[in-house]
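Subject: A structure for you to explore

Hi there,

Here is the structure I promised to pass on to you. Please open it next to this email, and then read on for what turned up in it.

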Amino acid sequence: MDPKELIKEALVAQGRAKAKYSNFHVGTALLTEDNQIIHGCNIESAAYPSTMCSERVAIYAAIAQNISTFKAIAIVSEESAKPCGPCRQIIHEYLGNVPIYISDGKNIDNFETHFIKDLLPYPFG
Ligand code: THU
């Protein structure tokens with residue numbers, strides 16, 4: 001799949017973010033080994049620590065559907081934000097070294113490509 005198509009899926013998911021406290025909307029699209037798309041978005045809570053990041057919503061949803069092999073992940077946020085520390089750990093453990101496409105959702109042609117071995121050197125586990 002063209003990375004830009006996966007980024008467009010992440011953009012759709014970004015539109016579903018529940019981010020009324022931070023107003024920072026993040027969307028994720030996971031491409032599974034059998035070419036399914038699993039969406040994620042950040043979901044915030046009035047009990048702030050209950051908030052869950054977009055990346056982990058997608059990864060946990062896939063695992064709960066018995067999907068455990070992936071080809072790529074796309075993440076969209078207003079500032080092309082890189083995954084937070086806990087999301088990097090979960091990407092390391094459950095996605096491995098798949099391409100991580102990151103976009104600000106505006107200029108989709110200028111997306112970034114990263115790999116978890118670079119974002120999380122010397123990982124735990
Ligand atoms: N957020 C994500 O969805 N992914 C990250 O990797 C970092 C942060 C969300 C959590 C919270 O809803 C908002 O962005 C601001 O931190």
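Let me start with a term you will need: helices and strands here are DSSP runs, numbered from the N terminus, with at least four residues for a helix and at least two for a strand. By that numbering, Tyr-101 belongs to strand 4. Please keep in mind that this is a predicted model.

Is Tyr-101 buried or exposed? Its relative accessible area is 12%, and the cut-off for buried is under 20%, so Tyr-101 counts as buried. If you would like a distance to try out in your viewer, take the C-alpha atoms of Tyr-101 and Glu-79: they are 13 Å apart, while 22 residues separate the two along the chain.

**The strands**

Strand 1 covers residues 26–32, and strand 2 covers residues 37–41. The two run antiparallel and are joined by five bridges. One place to look is Thr-28, which has Gly-40 of strand 2 opposite it. Together the two strands make a hairpin, with four residues between them. In that turn you will find Asn-35, whose phi is positive, at about 65 degrees.

Strand 1 also pairs with strand 3, again in an antiparallel way, and here there are seven bridges. Leu-30, for example, has Ile-73 in strand 3 as its bridge partner.

How many of the residues in strand 1 are buried? The count is seven of seven, so strand 1 is mostly covered. Its side chains go two ways: Val-26, Thr-28, Leu-30 and Thr-32 point to one side, and Gly-27, Ala-29 and Leu-31 point to the other. Residues on both sides are buried.

**The salt bridges**

The count of salt bridges comes to four. Here are some to find in your viewer.

- Lys-4 and Asp-109 meet through their side chains, at 3.1 Å from N to O. This pair links distant parts of the chain, 105 residues apart: Lys-4 is in helix 1 (residues 3–14), and Asp-109 is in the loop between strand 4 (100–103) and strand 5 (112–114). Lys-4 is partly exposed, at 30% relative accessibility, whereas Asp-109 is exposed, at 54%.
- Lys-8 and Glu-5 form a salt bridge as well, at 3.3 Å from N to O. Both residues are in helix 1, three residues apart, which is about one turn of the helix. Lys-8 is partly exposed, with a relative accessible area of 40%, and Glu-5 is partly exposed too, at 35%.
- Glu-112 and Lys-82 are joined at 3.0 Å from N to O. Glu-112 is in strand 5 and Lys-82 is in the loop between strand 3 (70–77) and helix 3 (85–94), so this salt bridge ties together parts that are 30 residues apart in sequence. Glu-112 is partly exposed at 26%, and Lys-82 is partly exposed at 33%.

**A patch on the surface**

Next, turn the model until you can see Tyr-60, Ile-63 and Tyr-94. These residues make up a nonpolar patch on the surface, and their accessible area together is about 270 Å². Tyr-94 is part of helix 3. With a relative accessibility of 39%, Tyr-94 counts as partly exposed.

**The ligand**

Finally, which residues are around the ligand? They are Ser-22, Phe-24, Val-26, Asn-42, Glu-44, Thr-51, Cys-53, Ser-54, Glu-55, Pro-83 and Cys-84. You have already come across one of them, since Val-26 is also among the buried residues of strand 1.

Some of these residues make polar contacts that you can check for yourself. Glu-44 has a polar side-chain atom 2.5 Å from an oxygen atom of the ligand. For Glu-55, a polar side-chain atom lies 2.8 Å from a nitrogen atom of the ligand. Cys-84 takes part through its backbone: a backbone N or O atom lies 2.9 Å from an oxygen atom of the ligand. On its own, the ligand has 370 Å² of accessible area, and the protein covers 77% of that.

Have fun looking around, and write back with any questions.

Best wishes

Conventions: Residues are numbered from 1 along each chain as its sequence is written. This is a predicted model: local features need pLDDT of at least 70, side-chain atom pairs count only at pLDDT 80 or more; totals for chains, interfaces and linings use all residues. Side-chain values use heavy atoms; hydrogens and water are left out. Buried means under 20% relative accessible area, exposed over 50%, partly exposed in between (1.4 Å probe, protein chains only). Two strands pair if DSSP finds at least two bridges between them. Patches are made of residues with over 30% relative accessible area and no salt bridge: like charges are joined within 9 Å, nonpolar side chains (Val, Leu, Ile, Met, Phe, Trp, Tyr) within 5 Å. Accessible areas come from the Shrake-Rupley method with a 1.4 Å probe; for residues, only the protein chains shown count as cover. A residue is near a molecule or strand if one of its heavy atoms lies within 4 Å of it. A polar contact is a pair of N or O atoms within 3.5 Å; within protein, one must be able to donate a hydrogen and the other to accept it, and residues adjacent in sequence count only if both atoms are side-chain atoms.
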